[in-house]
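Hello,

I am passing a structure on to you, and I would be glad if you kept it open while you read my notes below.

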Amino acid sequence: YNTLTDLVSNQIGIDCWCWDTKFWYSSISDFKTIISKDFIDRLKWIAESFDCDNFASLFCSLLTVIWGYNGAGVGLGAVLDKETKEVLGYHAYNCILVEENGKNVLYLYEPQTDYLALAQKETNMEWGIYRTDLAIFY
């Protein structure tokens, strides 16, 4: 628990809420295998009904149920325009704990497109920059 909160603080510079005290996770290569088998990116987005928060929550739940992997949280924050850094809106996505090169690191994962990038306070996520303000691990 303290290790994960410290990692989030050190790597992204934010607080996180951890609702469990122990987290299971995998290597980055095993995580990439998991998302290659994932179907969530094929689900239909429905405004205000099945949108970003539902995609992110469903991914966390299925990862735990199917793979026993609870080292995935929901990231919440603003999406910034790549050119102007203007806030385009607010978004939910996943913050993923993995082991890479012998170290624990965090990645951001977009469950709607399978895009994955090393987490930073402001992370280039293909179509915009995700500014993570809070991560919740459960």
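Two parts count as being in contact when they have heavy atoms within 4.5 Å of each other, and that is the sense in which packing is meant here. Please keep in mind that this is a predicted model.

I began with helix α3, which covers residues 52-67 and reaches 22 Å from its first C-alpha to its last, close to the 22 Å expected. Its buried residues are C52, F55, A56, F59, C60 and L63, and, seen down the axis of α3, they fall within an arc of 130°, so they line one face of the helix. These buried residues of α3 pack against α2 (28-37) and also against β3 (72-80), β4 (87-100) and β5 (103-110). After α3 comes G68, whose phi is positive, near 70°.

The pairing of α2 with α3 deserves a slower look. The two helices pack at an angle of about 105°, with their axes 12 Å apart, which makes α2 roughly perpendicular to α3. On the α2 side the contact is made by F31, I34, I35 and K37, and on the α3 side by F59, L63 and W67; by class, six of these residues are nonpolar, none is polar and one is charged.

Lastly, most residues other than glycine have a negative phi. E48, which is not a glycine, nevertheless has a positive phi of about 60°; E48 lies in the loop between α2 and α3 and is exposed, with a relative accessible area of 75%. D114, also a residue other than glycine, has a positive phi near 70°; D114 sits in the loop between β5 and β6 (115-118) and, at 23% relative accessibility, counts as partly exposed.

Best wishes

Conventions:
Residues are numbered from 1 along each chain as its sequence is written. This is a predicted model: local features need pLDDT of at least 70, side-chain atom pairs count only at pLDDT 80 or more; totals for chains, interfaces and linings use all residues. Side-chain values use heavy atoms; hydrogens and water are left out. Helices (H or I, at least four residues) and strands (E, at least two) are DSSP runs, numbered from the N terminus. The expected span of a helix is 1.5 Å times one less than its number of residues. Buried means under 20% relative accessible area, exposed over 50%, partly exposed in between (1.4 Å probe, protein chains only). The arc is that of the directions from the helix axis to the C-beta atoms. Axes are lines fitted to C-alpha atoms, for helices over the stretch in contact, and angles run from 0 to 180 degrees between N-to-C directions. Angles under 35 degrees count as roughly parallel, over 145 as roughly antiparallel, 65 to 115 as roughly perpendicular and the rest as oblique. Ala, Val, Leu, Ile, Met, Phe, Trp, Tyr, Cys and Pro count as nonpolar, Asp, Glu, Lys and Arg as charged, and the others, Gly among them, as polar.
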